[in-house]
Amino acid sequence: QVQLVESGGGLVQAGGSLRLSCAASGRTFSSYTMGWFRQAPDKEREFVASISWFGGNTYYTDSVKGRFTISRDNAKNTVYLQMNSLKPEDTAVYYCVANSGSILRPLQWDYWGQGTQVTVSS
């Protein structure tokens, strides 16, 4: 079993930045694909970004390309989401996810964190 705990959410003005962190524990981390989803009120969960186990391959949804950067530090068992130029439409609960496969966009993810709230004001 893998446990994922997100942190770093908060309230920020439009144009500002936040860095989300996700600490993984319980099982091996380096071989897992990691990613981030988000869910705004009354909307379906939306894929945001993912990264391969070795960090060389990343994938982003179009709405965050050029603004968000996903990275990982396997020595610290942590994945990050650096969010710059934040917009009000980025407001959502952000969830860390992990999968034992190598596909950046799997049909489902094995593990989910509890989420951290990001609120962007204008």
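These legends walk through an overall view and several close-ups of a predicted model.

**Figure 1. The whole protein is built from strands.** Welcome to the full view, a good place to get your bearings. The protein has eleven strands and zero helices, so following the chain from the N terminus means passing from one β element to another, in the order β-β-β-β-β-β-β-β-β-β-β. The C-alpha trace spans about 40 × 30 × 25 Å along its principal axes. How does the radius of gyration agree with that of a compact globule? For 122 residues, a compact globule would have a value near 14 Å, and the protein has 13 Å, which agrees.

**Figure 2. Contacts, surface and charge across the protein.** Before zooming in, here are some totals to keep in mind. Of the 122 residues, 45% count as buried. Among contacts with a separation of 6 or more, 58% are between residues 24 or more positions apart. The accessible surface comes to about 6,400 Å², and carbon and sulfur atoms account for 46% of that surface. As for charge, there are 11 positive and 9 negative side chains, with 6 Å between the centres of the two sets.

**Figure 3. Ser52 in the loop after β5.** This close-up shows the loop between β5 (46-51) and β6 (58-60), where Ser52 has its place. Is Ser52 buried or exposed? Its relative accessibility is 4%, and because buried means under 20%, Ser52 counts as buried. A polar atom of the Ser52 side chain lies 3.4 Å from the backbone nitrogen of Gly56. Leaving out residues up to four places away in sequence, Ser52 touches Tyr32, Asn57, Arg72 and Leu104.

**Figure 4. Gly55 in the loop between β5 and β6.** Stay with the loop between β5 and β6 to find Gly55. At 32% relative accessibility, Gly55 counts as partly exposed, whereas Ser52 counts as buried at 4%. Which distance separates Gly55 from Val79 in space? Their C-alpha atoms are 9.9 Å apart, although 24 residues separate them in sequence.

**Figure 5. Val64 in the loop between β6 and β7.** Here the view moves along the chain to Val64, found in the loop between β6 and β7 (68-73). With a relative accessibility of 0%, Val64 counts as buried. Setting aside neighbours within four places in sequence, Val64 is in contact with Arg38 and Val48. Now compare its position with that of Asn74: the two are ten residues apart in sequence, and their C-alpha atoms are 24 Å apart in space.

**Figure 6. Asn77 and its positive phi.** Look in the loop between β7 and β8 (78-83) for Asn77. Asn77 is not a glycine, yet its phi is positive, at about 55 degrees. How much of Asn77 is accessible? Its relative accessible area is 30%, so Asn77 is partly exposed.

**Figure 7. Ser85 and its positive phi.** The last close-up turns to the loop between β8 and β9 (92-99), which holds Ser85. Ser85 is a residue other than glycine with a positive phi, near 50 degrees. The relative accessible area of Ser85 is 40%, so Ser85 is partly exposed.

Technical notes:
Residues are numbered from 1 along each chain as its sequence is written. This is a predicted model: local features need pLDDT of at least 70, side-chain atom pairs count only at pLDDT 80 or more; totals for chains, interfaces and linings use all residues. Side-chain values use heavy atoms; hydrogens and water are left out. Helices (H or I, at least four residues) and strands (E, at least two) are DSSP runs, numbered from the N terminus. The radius of gyration is taken over C-alpha atoms; the globule rule is 2.2 Å times the number of residues to the power 0.38. Buried means under 20% relative accessible area, exposed over 50%, partly exposed in between (1.4 Å probe, protein chains only). Contact means heavy atoms within 4.5 Å. Accessible areas come from the Shrake-Rupley method with a 1.4 Å probe; for residues, only the protein chains shown count as cover. Lys and Arg count as positive and Asp and Glu as negative; His and the chain ends are not counted. The place of a charge is taken as NZ of Lys, CZ of Arg, CG of Asp or CD of Glu. A polar contact is a pair of N or O atoms within 3.5 Å; within protein, one must be able to donate a hydrogen and the other to accept it, and residues adjacent in sequence count only if both atoms are side-chain atoms.
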